[in-house]
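Trainee: I'd like to take a close look at one part of this model with you. Could you walk me through it slowly?

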There are 2 protein chains.
Amino acid sequence: MRIEDEIKQPVFKDEYQKGYINLIYTAGWLQQRQAAAFREFDITLPQFNVLRILRGQHPKPATVNLLIERMLDKTSNASRIVDKLEAKALVTRTVCPSNRRAVDIRITEAGLGLLQTMDATVLSRQQSIHALTPDEVTQLNALLDKIRD
Amino acid sequence: MRIEDEIKQPVFKDEYQKGYINLIYTAGWLQQRQAAAFREFDITLPQFNVLRILRGQHPKPATVNLLIERMLDKTSNASRIVDKLEAKALVTRTVCPSNRRAVDIRITEAGLGLLQTMDATVLSRQQSIHALTPDEVTQLNALLDKIRD
DNA sequence: CCACATTAAATGTATGTACATATATTTGCA
DNA sequence: TGCAAATATATGTACATACATTTAATGTGG
């Protein structure tokens with residue numbers, strides 16, 4: 001659907017303003033579809049992202065700092081997201097022996113199992129972007145990178 | 001900066017996965033820049049968006065329902081955002097005379113004044129998207145619309 | 001006319017975000 | 001050595017989001 005119709009704003013000042021709004025709207029649209037898929041697994045999108053980072057490290061531990069570095073939203077509060085995952089026994093938290101300020105965070109077997117169950121679902125929710133041809137995705141990536149230059 | 005470097009994930013499964021992450025990351029990047037600009041005006045991004053919708057209606061009132069229809073994030077809680085704006089005397093809330101379930105929300109003179117002050121700042125924060133040529137923005141809009149088809 | 005569904009908004013609760021601050025540990029250097 | 005700065009994480013507070021529930025007003029079919 002055209003962005004004009006989705007937010008019932010018939011006129012944009014120019015194509016740039018439309019691009020700006022379209023970009024933010026589309027990202028939100030994609031994220032909401034993912035969040036909906038996550039609900040049945042009783043997990044949120046940031047929690048899922050943290051779990052995936054931990055799987056990437058497994059069996060090595062990660063620290064909170066490493067999570068922050070890798071997360072899409074750098075300013076989020078990794079510590080409290082780990083709290084929630086720990087409460088669900090999807091990760092463990094132990095004081096790092098070599099640096100007692102830091103905390104070693106590890107994904108548990110339960111966490112790995114959950115991710116495996118979810119992989120198919122999550123990937124299918126990312127399918128919307130496959131509406132683009134390979135050339136178009138490459139174009140999109142170039143345009144987005146240029147915006148952030 | 002390339003998205004690979006920004007989130008320190010050197011390899012993506014394919015260009016589609018990269019596109020997905022790039023889209024969400026770039027939207028967040030843009031929104032954080034805007035939020036930073038808003039801070040000095042003691043207003044948040046959703047509050048600003050609601051104010052702009054109200055200015056669009058002015059001098060007609062809007063209802064909470066109309067705000068929800070027009071907001072970029074449809075699921076957000078318009079009622080509580082209006083609470084905050086009302087507390088700052090940027091909007092007024094009166095029971096709609098023709099339908100006492102509904103609430104007429106109007107932007108105040110103070111609200112209009114704030115928006116006018118902010119317009120320049122906000123626009124300058126949207127400048128990043130002007131890194132694109134007119135043709136490129138048009139391409140971007142077409143690609144985003146295609147994703148949401 | 002009235003019970004019942006529908007509609008509009010507000011509220012409750014859990015989670016996440018943004019920013020400042022606190023606590024504990026480690027490091028560096030006078 | 002000892003003490004200040006830096007580092008790693010946690011916590012406090014305000015705001016927003018997501019979803020369910022509640023409250024009040026309106027519409028509707030029997």
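Which residues are closest to DNA strand D, and how many surround DNA strand D?

Mentor: Happy to, and please keep in mind that this is a predicted model. DNA strand D is surrounded by 25 residues, and the closest are A:Arg39, A:Ser79, A:Arg80, B:Thr44 and B:Thr75. That list holds residues of chain A and of chain B, and the helices tell a similar story. Helix 4 (64-70) and helix 5 (78-87) of chain A each supply at least two residues of the surface near DNA strand D, and so do helix 3 (45-57) and helix 5 (78-87) of chain B. Helix 5 of chain B gives the largest share, 3 residues. Sorted by class, this surface has 5 nonpolar, 11 polar and 9 charged residues.

Now for the strand's own side of the contact. Among the atoms of DNA strand D within 4 Å of the protein, 77% are sugar or phosphate atoms, and the rest belong to bases. Some individual atom pairs show phosphate contacts in detail. In the side chain of A:Ser79, one of the closest residues, an N or O atom is 2.4 Å from a phosphate oxygen of DNA strand D. Two further contacts use the backbone: an N or O atom of the A:Asn65 backbone lies 2.8 Å from a phosphate oxygen of the strand, and for A:Val64 the corresponding distance is 3.2 Å.

It helps to set DNA strand C beside this. There, 24 residues surround the strand, and the closest are A:Thr44, A:Thr75, B:Arg39, B:Ser79 and B:Arg80. Helix 3 (45-57) and helix 5 of chain A each supply at least two residues of the surface near DNA strand C, as do helix 4 and helix 5 of chain B. The largest share here, 3 residues, is from helix 5 of chain A. By class, the surface near DNA strand C divides into 5 nonpolar, 10 polar and 9 charged residues. Of the DNA strand C atoms within 4 Å of the protein, 76% are in sugar or phosphate, with the rest in bases. A polar backbone atom of B:Val64 is 3.2 Å from a phosphate oxygen of DNA strand C, and for a polar backbone atom of B:Val103 the distance to a phosphate oxygen is 3.3 Å. A base is involved too: an N or O atom in the side chain of B:Arg101 is 3.1 Å from a base oxygen of DNA strand C.

Since both chains appear around the strands, the contact between the chains deserves a look. Chain B and chain A each bring 52 residues to it. Between them they bury about 5,700 Å², 62% of it on carbon and sulfur atoms. On the chain B side, B:Tyr16, B:Tyr20 and B:Arg148 lose the most area to chain A, together 16% of what that side buries. The chains share 2 salt bridges; in one of them, the side chains of A:Lys146 and B:Glu136 meet at 2.7 Å, N to O. There are also 16 residue pairs in polar contact between the chains, counting pairs with both residues at pLDDT 80 or more. Helix 1 (3-6), helix 2 (15-39), helix 4 (64-70) and helix 7 (134-147) of chain B each give two or more residues to the side that touches chain A. Helix 2 of chain B provides the largest share of that side, 18 residues. By class, the same side has 23 nonpolar, 15 polar and 14 charged residues.

How values were computed: Residues are numbered from 1 along each chain as its sequence is written. Chains are lettered from A and ligands numbered from 1 in the order in which they are written. This is a predicted model: local features need pLDDT of at least 70, side-chain atom pairs count only at pLDDT 80 or more; totals for chains, interfaces and linings use all residues. Side-chain values use heavy atoms; hydrogens and water are left out. A residue is near a molecule or strand if one of its heavy atoms lies within 4 Å of it. A polar contact is a pair of N or O atoms within 3.5 Å; within protein, one must be able to donate a hydrogen and the other to accept it, and residues adjacent in sequence count only if both atoms are side-chain atoms. Helices (H or I, at least four residues) and strands (E, at least two) are DSSP runs, numbered from the N terminus. Ala, Val, Leu, Ile, Met, Phe, Trp, Tyr, Cys and Pro count as nonpolar, Asp, Glu, Lys and Arg as charged, and the others, Gly among them, as polar. Contact means heavy atoms within 4.5 Å. Buried area is the accessible area (1.4 Å probe) that two parts lose on being put together, summed over both. A salt bridge is a side-chain nitrogen of Lys or Arg within 4 Å of a carboxyl oxygen of Asp or Glu.
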